[in-house]
Amino acid sequence: MQTTMPLTQAPTRSNRWSRQDTMWVFGLYGCAVSSGALFWPISLGLAGFWAMVILTVLVLPITFFSHQAYARFVQTATATTGKEGNLIDAAEEHLGVRWAKWLTFVYFITVFPAMMVYTITITNTLIDFFNTQLHLGILPRVVVAPLVVVMLLAVVQFNTTVTVKVMGFIVVPFIASLVFFGAMAAPSWNLSVLQTASNFGGVTGLMSSVWVSLPVAIYAMGFTTVVSSMVVAQKRVYGEVASKKVSSILLVAVILIFVTVVFFAWSCIFALSPQELAEAKANNLTALSYLARKFDNPLLATASQLIVFLATIKAFLAHFIATKESAKGFASTCLNCSPAVIHGKGLQRVLTLFIFVVTTLPAILNWNVLNLIQIIMVPASVFMAYFLPQYACYRIPALHQYRGKATGWFVMIVGTIVLINGVVAVLKL
């Protein structure tokens, strides 16, 4: 029988903003704003001007309401002996062991492919940097990819607290640099993208463009993989008032993500022509990497590539935390491992080796990043963030007050569109 562990009592001024709250805002930002956000201008720009407007308007409420519902579900979990009260624990406690096992698998296939995207991105950026900026020729991928993965894995060998602090240290200059390079692109702005405003294929063509580009827009600002860890941390610190604190952190993080990413994306789109955006997509490069070629100043060109490195590294750290959490959940729920095994070094070593092998191969083969996002990552993540919380509203008494809400139906409709999108994309392969 499990014994409930007491949560840390909320401080006297618990509803005031704290340094820890700021750290988690940066942690959510670090997970969301990464290579996905740097690829988003390409997908967004190629969608056409009016589709850009629609997607920009939709992405803010989509991001906030879906993550808020997801966080509420995690908050229903009770911290017990050997359990942290995370996503998997919430599923097992309220929906049963079978649900927990299935969710563990879905959670893993949601967070794990993201690390493939990051290793591919940083490998391509490094090769492009040596070729276009240092003029040293094209480095062999079979050498660069393993070195990149080893470097990333070396950072994540520390505990979660240290890793989150490293993410926070990277995020602050990254936010400033994202705004800076968005502003630096302004002198290169042109009106070529506005040509698509008059030739967008009518209502059918417009809806088709929004349909195709929606998954990348969701991924560009999504951070579902680190929400569970954030909620667990808030419950430990704030106790019964954690719900309000979680919503506050989510709101601040989403607004910060939206403002900076949208400014950067629109600036890049107006600085690059539709033809250049198509070329960047064909070369599997981020908008910032391609934009570096337009800077006459070598220092700016080099700095822009450095930003891509930082974005990729911090996102990799966030997703490794989530992968480690899902592996622990799998070991506990599916393999019935003891707490000593779950929290031991052996499991982390096996996980690290597995990640090295599986993430190095896609980087060597240079899989298409936008296809990975559309086909694998977003459809898997929307199951957890868009459908599971709405289903839980009808199964868990604590969530009954949220069932049938307009925001819930909105999230469900968006999730359905994205899932169908992924199925259609797979059938077209």
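Leaving aside its neighbours within four places in sequence, which residues is S192 in contact with?

1. In this predicted model, S192 is in contact with L272, S273 and P274, once its neighbours within four places in sequence are set aside. The residue itself lies in the loop between α7 (160-184) and α8 (195-198), and because its relative accessibility is 13%, which is under the 20% cut-off, S192 counts as buried despite that loop position.

2. Helix α1 covers residues 19-32, and its length can be checked against its residue count: at 1.5 Å a residue, the 14 residues should span 20 Å, and the end C-alpha atoms are indeed 20 Å apart, so the two values agree. The buried residues of α1 are D21, W24, V25, G27, L28, Y29, G30, C31 and A32, a list that takes in the aspartate D21 as well as the tryptophan W24.

3. A51 belongs to helix α3, which runs over residues 49-75, and it counts as buried because its relative accessibility is 0%. Not counting residues up to four places away in sequence, A51 touches L206, S209 and V210. A51 and L214 are 163 residues apart in sequence, while their C-alpha atoms are 9.6 Å apart in space.

4. The contacts of A51 form part of the packing of α3 with helix α9 (residues 202-221), where the axes are 9 Å apart and the angle is about 45 degrees. An angle of that size lies between the limits for roughly parallel (under 35 degrees) and roughly perpendicular (65 to 115), and α3 and α9 are therefore oblique to each other. The crossing in which α3 passes α9 is right-handed.

5. On the α3 side of this contact stand W50, A51, I54, L55, V59, I62, T63 and H67, and they meet L206, M207, S209, V210, S213, L214, A217, I218 and M221 in α9. By class, the residues of the contact divide into 13 nonpolar and 4 polar, with no charged residue.

6. A second helix pair to look at is α4 (residues 87-95) with α17 (residues 369-395), whose axes come within 12 Å and cross at roughly 30 degrees. Because that angle is under 35 degrees, α4 is roughly parallel to α17. The crossing here is left-handed, whereas α3 passes α9 in a right-handed one.

7. In the contact between these two helices, L87, H94 and L95 in α4 meet M384, L388, Y391 and R395 in α17. The classes in this contact are 5 nonpolar, 1 polar and 1 charged.

Terms used. Residues are numbered from 1 along each chain as its sequence is written. This is a predicted model: local features need pLDDT of at least 70, side-chain atom pairs count only at pLDDT 80 or more; totals for chains, interfaces and linings use all residues. Side-chain values use heavy atoms; hydrogens and water are left out. Helices (H or I, at least four residues) and strands (E, at least two) are DSSP runs, numbered from the N terminus. The expected span of a helix is 1.5 Å times one less than its number of residues. Buried means under 20% relative accessible area, exposed over 50%, partly exposed in between (1.4 Å probe, protein chains only). Contact means heavy atoms within 4.5 Å. Axes are lines fitted to C-alpha atoms, for helices over the stretch in contact, and angles run from 0 to 180 degrees between N-to-C directions. Angles under 35 degrees count as roughly parallel, over 145 as roughly antiparallel, 65 to 115 as roughly perpendicular and the rest as oblique. A crossing is left-handed if the near helix is turned anticlockwise from the far one by less than a right angle, and right-handed if clockwise. Ala, Val, Leu, Ile, Met, Phe, Trp, Tyr, Cys and Pro count as nonpolar, Asp, Glu, Lys and Arg as charged, and the others, Gly among them, as polar.
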